[in-house]
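Thanks for sharing this one. Here are my notes as numbered points, to be read alongside the model.

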Amino acid sequence: MSTLAITDAHVVPVTAEPFRGTVLVTDGTITALGPDVEVPAGAEVVDAGGGWLLPGFVDAHTHLGVHEEGEGWSGDDTNEMTDPVTAHVRALDAIYPGDLGFTDALGGGVTTVCVNPGSGNVVGGLCVALHTSGRTVEEMVLRSPAGLKAALGENPKRIYGEQKRTPSTRLGVAAVMRSAFVEAENYRARRDRAAAEGKPFDGRDLKLEALLSVLDREIPWRQHSHRADDIATAVRIADEFGYQLVLDHGTEAHLVADLLAERGIPVLIGPLLTSRSKVELRNRSTANPGRLARAGVEISIITDHPVIPIHFLVHQATFAVKAGLDRETALRSITINPARALGLEDQIGSLEVGKLGDVVLWSGDPLDVMQRALRVFVAGREVHTWQPED
């Protein structure tokens, strides 16, 4: 049994009030925390010296490891743009753990990410949630699949419109999406009928099985959508087919915030620090997270790495606070909220007994851009230590 004791820390559990004290991690799991925790004999002791201790940050929308930095075309495995519906492809199968972005993530205190396929297709493929430290993907995975990525709006319309193929319009994109779900429902009916009649079922289809995992509410539908009309379409189709909807990007989600709050649909908002490089981003603003939160929408802030470098996740939260988001929600938007969106709130996202020992020791308040992540632990194992540049 191995125990890590981080003492004399300003502990910010996120889901409870901050305190000055100790956090114990035993065999990778938090076993005690509080102002008067006794350090067991033989524990590895890290004296925080009053530094801030928080859970590792969570970025629920990245392309880390599938869109490798500094590798050009050979490291870009983000989009399988050969068919509008590629529900069966898995980000898991293209992740390179040696991507420089993983090191950057740890340097920014980000210990968990969701890696998504891109938005070139109407249905892009299966997402995976993983730690940002490990030699192989198998060592890193926390949940696979963690969702099924889909896209509305400009991207699939442009990609396939340029090829003179369906879909070339927004109505075509919606039609392709509905048709895919209906095909999956018909596949399920044939499979279930064969089972009821005691007959073998021929013709297994990985694409349709991936879609059924959404219809059966095993994983969420991760809907890329920026504009308010596309967001309304996302809600409309989700209402028709009854699946769990998570909105990714949500640039204009504040314009329909009441609709989203009423249905309890979370928004993974971002990237926030980009230029308005296309029409869908015209209303991009660092004030939008605050607008959504005040309307009662649960928000998570995302980088869409490498669109925004992964280690700037916390800086986006800081800018959102500057633009009106309250700081408590800002911290939740990069910890417990994205953990909940990924179905991992019982393991990560806050400092609580029974959760993984994903903890980060900061020099001070991480929402202060002058502070840095000094030491990063994943499941109680130190994976990053800050060193000054030569």
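Helices (H or I, at least four residues) and strands (E, at least two) are DSSP runs, numbered from the N terminus. This is a predicted model, in which local features need pLDDT of at least 70 and side-chain atom pairs count only at pLDDT 80 or more, while totals for chains, interfaces and linings use all residues. Residues are numbered from 1 along each chain as its sequence is written, and side-chain values use heavy atoms, with hydrogens and water left out.

1. Let me start with Gly98, which sits in the loop between β6 (57-62) and α1 (100-107). Its relative accessibility is 39%, so Gly98 counts as partly exposed (buried means under 20% relative accessible area, exposed over 50%, partly exposed in between, with a 1.4 Å probe and protein chains only). Between the C-alpha atoms of Gly98 and Leu53, 45 residues apart along the chain, the separation is 27 Å.

2. The aromatic rings deserve a look: the structure holds 6 aromatic pairs (rings of Phe, Tyr and Trp, the last by its six-membered ring, with centres within 6.5 Å; planes under 30 degrees apart count as stacked, over 60 as edge-to-face and the rest as tilted). One of them joins Phe181 and Trp221 in a tilted arrangement, 4.7 Å centre to centre and with 55° between the planes. This pair links distant parts of the chain, since Phe181 belongs to helix α4 (residues 170-196) and Trp221 to strand β10 (residues 221-225), 40 residues apart. Both Phe181 and Trp221 are buried.

3. Phe181 also pairs with Phe241, again tilted, at 5.0 Å centre to centre and 35° between the planes. Here too distant parts of the chain are linked: Phe181 is in helix α4 and Phe241 in helix α6 (residues 228-241), 60 residues apart. Phe181 has a relative accessible area of 0%, and Phe241 counts as buried at 15% relative accessibility. Together, Phe181, Trp221, Phe241 and Tyr243 form one aromatic cluster.

4. How do α4 and α6 pack, and at what angle? The angle is about 20°, with the axes 12 Å apart (axes are lines fitted to C-alpha atoms, for helices over the stretch in contact, and angles run from 0 to 180 degrees between N-to-C directions). That makes α4 roughly parallel to α6 (angles under 35 degrees count as roughly parallel, over 145 as roughly antiparallel, 65 to 115 as roughly perpendicular and the rest as oblique). In α4, the residues meeting α6 include Ala174, Met177, Phe181 and Val182, and their partners in α6 include Thr233, Ile237 and Phe241 (contact means heavy atoms within 4.5 Å).

5. Helix α3 (residues 154-161) is largely enclosed by the rest of the structure, because 6 of its 8 residues are buried. They are Glu154, Asn155, Pro156, Ile159, Tyr160 and Gly161, and they pack against β9 (141-151), α4 and β10.

6. Please check the backbone at two prolines. The peptide bond from Thr166 to Pro167 is cis, with omega near 5°, and Pro167 is in the loop between α3 and α4. A cis bond also runs from His305 to Pro306, with omega near 10°; Pro306 lies in the loop between β13 (299-301) and α9 (313-322).

7. Finally, Asp8 has a positive phi of about 50° although it is not a glycine. Asp8 is in strand β1 (residues 3-11) and is partly exposed, with a relative accessible area of 32%.
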